[in-house]
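Me: I'd like to go through this model and check the labels people put on it. Can you set each one against its definition for me?

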Amino acid sequence: MSHAMRPAGGKSWFSLMASGLGLILCAWLSWLLLDWAVWRAVFRPDALACQALQHHGACWGVVAEKIRPILLGHYPYEQQWRPMLVLLGSALLGLGAWLAGWRRAVSGKGLFALAVYMLLATALMRGGFAGLETVSFDAWGGLPLTLWLFLVSWLASIPMAIGLALARRSGRIWLNVPATAVIELIRGVPLVTLLFMAAFMLPVLIPQDHPVPLVWRATLALTLFSAVYMAEVVRGGLQTVPQEQSEAAAILGLSWWQTQRMVVLPQALRAVLPALVGHGIGLLKDSSLVLVVGLHEFTGGLSLSLGGDPVWRPYYFEAYLAVGMVYALMCLGLSRTGRMLERRWAKGTH
C-alpha cells in the first residue's frame, strides 16, 4: 500500500475500519447486556414479576429470595449467625491484610495468624462449647464451607509440597523414589476420582468406631491433590537457584536445613510466585467439585436451594451468574495479591 493510502501514524485504513467495527460490536453487545441485566431486570423477590419478563430481562430477585441457602447451605437455620460471623471475620481479615500490606500478610507471622483464625472459625462453626449447639461437619455448606475447604487444604499442602519437592531432588534413593512415586501417582488421577475414593473407600479402611466426617475426607483429597501439583511448581523454582549459593552457605557454616530455609527456598518461591498464585486460584475453583460426593458448598448450596423449588428453578442462570461473580472477585483478590508481591519483591522490599 502506498504512503498516500496510509493515515497519519502508519496504520492502514483497513485496520482502522476493523477497529471501528470492533468497537461498534462491543458497544452493541454491551447495550444488549445492560438492557437484559439492568434496564429490564427485576431486583425484588417477586416471582410474578419475574415470570412476566419471559426471560427478556434478568430476574435478580432469585438471589434476594434464596440468598441464605445459597450462601450458607443447609447449616441449621437458627444457628446461621455463626457462619455469618465467620464470613464477616474473613472479610475483616482480608481488609486488614490489604491495609497492612500483603507482604506482611503472607509472611510467617501472617500465615500463623491465618492458621489461628481457621482454628477459631472451625471451633465456632462446630460448636459444642460455651453453650453453643454442636453442628456436625457434614451439615456445613455454602460459602463458609468453600473458604474452609480451600484454606485448610492450601495451608496443609504447603509443607507437604515443600517436603515432596526437596525429597524428589534429593540424591538419596529412599527419599527420591517414594516422593516421585507419590507425585506421579496422585497427579495421574483426576480429582473427582480422589474425592470418590475419600468418600467411599476410606470408610471401609477406617474402623467404624472412629468415623471420619465426609468434610475431612474431602479435605484430605484436596490437600493431597494440591500438594503434588504445588510440589512440582516448587521443584521448578528450586532448579532456578544456582548450586553455588548452597555451597557458599555451607562454607559459611550453615546446616542443610538452614541453607534451604534462609537461602534456597526464599529465592525459589519468589521465582515461581505467579505459578503458585495460579495454583491457588485453581484450588479455590476445584473445591466446588466436592458437590459430587454430597457436600453442598457454594455452588452446591445453589443447587440445593433451587432444585426443589419449581417457582424459582427457571432462574438458575441468574443465580449461577451471581455465584460466578463471587468466585471471580475471590480469584481477582488472589491474583492481585500475587501481582503486589511480585512488585514489592522486584523492588527489593523484603
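Reply: Sure, and let's start with salt bridges: the term means a side-chain nitrogen of Lys or Arg within 4 Å of a carboxyl oxygen of Asp or Glu. Keep in mind that this is a predicted model.

Me: What makes R44 and D46 a salt bridge?

Reply: Their closest N and O atoms are 3.5 Å apart, and the cut-off is 4 Å, so the pair qualifies. By that rule the count comes to 8 salt bridges.

Me: Why are R44 and D46 called partly exposed?

Reply: Partly exposed is the band between under 20% (buried) and over 50% (exposed). R44 has a relative accessible area of 49%, so it falls in that band. D46 has 26%, so it is partly exposed too.

Me: How do you know that R187 and E232 form a salt bridge?

Reply: The closest N and O atoms of R187 and E232 are 3.6 Å apart, and anything within 4 Å counts, so the label holds. This pair links distant parts of the chain: R187 sits in helix α8 (residues 173-187) and E232 in helix α10 (residues 214-238), 45 residues apart.

Me: Are R187 and E232 buried or exposed, or something in between?

Reply: R187 is at 29% relative accessibility, so it counts as partly exposed. E232 has a relative accessible area of 16%, and because buried means under 20%, E232 is buried.

Me: What makes E232 and R235 a salt bridge?

Reply: Their side chains meet at 2.9 Å, N to O, and the limit is 4 Å, so they pass. Both E232 and R235 lie in helix α10, 3 residues apart, about one turn of the helix. Salt bridges with shared partners join R168, E184, R187, E232 and R235 into one network.

Me: On to sulfur. How do you know that C50 and C59 are joined by a disulfide?

Reply: The S to S distance for C50 and C59 is 2.0 Å, and the definition asks for cysteine sulfur atoms within 2.5 Å, so it's a disulfide. A search of the whole structure finds 1 disulfide. The link of C50 and C59 is right-handed, with 75° about the S-S bond.

Me: Why are C50 and C59 called buried?

Reply: C50 has a relative accessible area of 2% and the cut-off is under 20%, so C50 is buried. C59 comes in at 0%, so the label fits there as well. As for other cysteines, C331 is at 12% and therefore buried, whereas C26 is at 47% and so counts as partly exposed.

Me: What makes R336, R339, R343 and R344 a positive patch?

Reply: Lys and Arg count as positive, so the four arginines carry the right sign. Patch residues also need over 30% relative accessible area, and R343, at 44%, clears that, so it can belong. R343 is found in helix α15 (residues 316-346).

Me: Which residues form the nonpolar patch on the surface?

Reply: L25, W28, L29, W31, L32, L34, V38, W39 and F43 do, with about 960 Å² of accessible area together. Take L29, in helix α1 (residues 13-39): its relative accessible area is 45%, and because the bar is over 30%, L29 meets it.

Me: Why is M330 called buried?

Reply: M330 has a relative accessible area of 19%, and buried means under 20%, so it makes the cut. M330 lies in helix α15.

Me: Why does the positive phi of Q54 get mentioned?

Reply: Most residues other than glycine have a negative phi, so a positive one gets noted. Q54 is not a glycine, yet its phi is about 55°. Q54 lies in the loop between α2 (47-53) and α3 (61-72), and at 59% relative accessibility it is over the 50% line, so it counts as exposed. A130 also has a positive phi, near 50°. A130 is in the loop between α6 (108-126) and α7 (142-169), and its 75% relative accessible area is over 50%, so A130 is exposed.

Me: Last one: how many helices and strands are in the protein chain?

Reply: There are 15 helices and 0 strands. Of the 350 residues, 41% count as buried, and the C-alpha trace spans about 80 × 75 × 40 Å along its principal axes.

Definitions and conventions:
Residues are numbered from 1 along each chain as its sequence is written. This is a predicted model: local features need pLDDT of at least 70, side-chain atom pairs count only at pLDDT 80 or more; totals for chains, interfaces and linings use all residues. Side-chain values use heavy atoms; hydrogens and water are left out. Patches are made of residues with over 30% relative accessible area and no salt bridge: like charges are joined within 9 Å, nonpolar side chains (Val, Leu, Ile, Met, Phe, Trp, Tyr) within 5 Å. Accessible areas come from the Shrake-Rupley method with a 1.4 Å probe; for residues, only the protein chains shown count as cover. The place of a charge is taken as NZ of Lys, CZ of Arg, CG of Asp or CD of Glu. Helices (H or I, at least four residues) and strands (E, at least two) are DSSP runs, numbered from the N terminus. Buried means under 20% relative accessible area, exposed over 50%, partly exposed in between (1.4 Å probe, protein chains only).
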